[in-house]
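The following exercises are meant to be worked through with the sequence and the coordinates at hand. Each task is followed by a solution that proceeds step by step.

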Amino acid sequence: KQALEAALEQKQAVIQQAGITQALEGEWVDVTLPGRKRAVGRLHPVTQTMREIQRIFAEMGFQVYRSRDVETDEYNFQLLNFPPNHPAREMQDSFYMKGGSEDNPTLLRTHTSPGQIHAMREYSSKDPENPPTVRIILPGMCYRFEQITARSEIQFTQVEGLAVGEHITFGDLKGTLSDFARRFFSPDVRTRFRASHFPFTEPSAEMDVECFVCHGEGCPVCKRTGWLEILGSGMVHPNVLRNGGYDPERYSGFAFGMGPERLTMLRYRIEDIRYFWRNDMRFLEQF
Ligand code: PHE
């Protein structure tokens, strides 16, 4: 045993020495070479947009409310007044996961709206007789089981907004969102509201901003309409208020949801949403 150990030790020393000799001969530092530049990290363009949206709404008195990515069918759909056979609930459109029950499966949230219920329930539980007013935005990642194209990704962010109180009107919705557009795009941007439909708001509206490329003339960016759709919104449906612990006879509210990827694409005229997740430095470095 001792002989073997001695031989091994000797061999190890020889190999080690050979390694050192080789390294000394092969590797050397040319101190005259210029230094290598380190790539400087920066915030992802979508993060920058999210932060700007948060900053604008913070100025208007909205607080950030964080809500979970993994949801139940109950919160993602049922409590938001989705009828049982709504197409968004199909297996093909949502990422269902293990867990939950047959009537209440677990899934990745398809929008940030389930956070409305979590927030209203938390607020109203503090004082069920006189629930406090709510003025929040809910930023976060959403997931949809869809074909990935230049315009749609399976994973994307949303910023939801919710205001609930005793005298909130559709005028407040219009004023708040038009003001947001002016602060985000430019002080003279025109906006318009088009009737729309969402199960959790009534009435519902989509907001367009005047195309900032052609200023309403019609161009390829706005598909010749002169307008760009930027968000969905509406007055919170009475059933949703009730599900959140707010009496719809006494309280009203408005809600909206916008997509930071889309806003970023419009702002910088990025043509393909897939760039955001490709991690290509040549793209990311531009922002
Ligand atoms: N959740 C909706 C969507 O994902 C957007 C929305 C939010 C609409 C709030 C109205 C009110 O398309």
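**Exercise 1. Examine the polar contacts and the surroundings of the ligand.**

Begin with Arg144, of which a polar side-chain atom lies 3.1 Å from an oxygen atom of the ligand; as throughout these exercises, the distance is taken from a predicted model. Next, turn to Gln158, where an N or O atom of the side chain is 2.9 Å from an oxygen atom of the ligand. A nitrogen atom of the ligand, in turn, has a polar side-chain atom of His111 at 3.1 Å. With these contacts in place, consider the cover: the ligand on its own has 330 Å² of accessible area, and the protein covers 89% of it.

The next step is to trace the shell back to the secondary structure. Strand S6 (155–165), strand S9 (227–236) and strand S10 (252–258) are the elements that give two or more residues to the shell, and the largest share, three residues, comes from S10. Finally, look at the whole shell: 13 residues surround the ligand, and those that come nearest are His111, Ser113, Arg144, Gln158 and Glu160. By character, the shell residues divide into four nonpolar, seven polar and two charged.

**Exercise 2. Determine the strand order of the seven-stranded sheet, and describe how S9 and S10 pair.**

Start from the order, which reads S1-S5-S6-S10-S9-S8-S7 in an open sheet with mixed pairing. Strand S1 (63–64) and strand S7 (191–198) are its edge strands, each pairing on one side only. Within this order, S9 and S10 are joined over five bridges and pair in the antiparallel sense; at one position, Gly232 stands opposite Gly257 in S10. As background, strands of a sheet pair through backbone hydrogen bonds, in either a parallel or an antiparallel manner.

**Exercise 3. Work out the three-stranded sheet and locate the contacts of Asn104.**

The three strands form an open sheet in the order S2-S4-S3, and the pairing is antiparallel. Its edge strands are strand S2 (70–72) and strand S3 (96–100), each of which pairs on one side only, and the twist from one strand to the next averages 35°. Three bridges join S3 to strand S4 (residues 105–108), the two running antiparallel, and Met97 stands opposite Thr106 in S4.

Now move to the loop between S3 and S4, where Asn104 lies. The side chain of Asn104 reaches the backbone nitrogen of Asp73 at 3.2 Å, and the backbone nitrogen of Glu74 at 2.8 Å.

**Exercise 4. Which backbone features appear at Pro203 and at Arg269?**

Recall first that most residues other than glycine have a negative phi, and that most peptide bonds are trans. Against that background, the peptide bond from Glu202 to Pro203 is cis, with omega near -5°, and Pro203 is found in strand S8 (residues 201–210). Arg269, although it is not a glycine, has a positive phi of about 55°; this residue is placed in the loop between helix H7 (260–268) and helix H8 (281–284).

**Exercise 5. Compare the radius of gyration of the chain with that of a compact globule.**

Count the elements first: the chain holds eight helices and ten strands. For a compact globule of 287 residues, a radius of gyration near 19 Å would be expected, whereas the chain has 27 Å. To complete the description, the C-alpha trace spans about 95 × 55 × 35 Å along its principal axes.

Definitions and conventions: Residues numbered from 1 in each chain as written. Predicted model: local features only at pLDDT ≥ 70, side-chain atom pairs only at ≥ 80, totals over all residues. Heavy atoms only, no water. Pairing = 2+ DSSP bridges. Helix = DSSP H or I, 4+ residues; strand = E, 2+ residues; numbered from the N terminus. Axes fitted to C-alpha atoms, helices over the stretch in contact; angles between N-to-C directions. Near = heavy atom within 4 Å. Polar contact = N/O pair within 3.5 Å; in protein donor to acceptor, adjacent residues only side chain to side chain. Areas by Shrake-Rupley, 256 points an atom, 1.4 Å probe, with all protein chains shown as cover. Nonpolar A, V, L, I, M, F, W, Y, C, P; charged D, E, K, R; others polar. Rg over C-alpha atoms; globule rule 2.2 N^0.38 Å.
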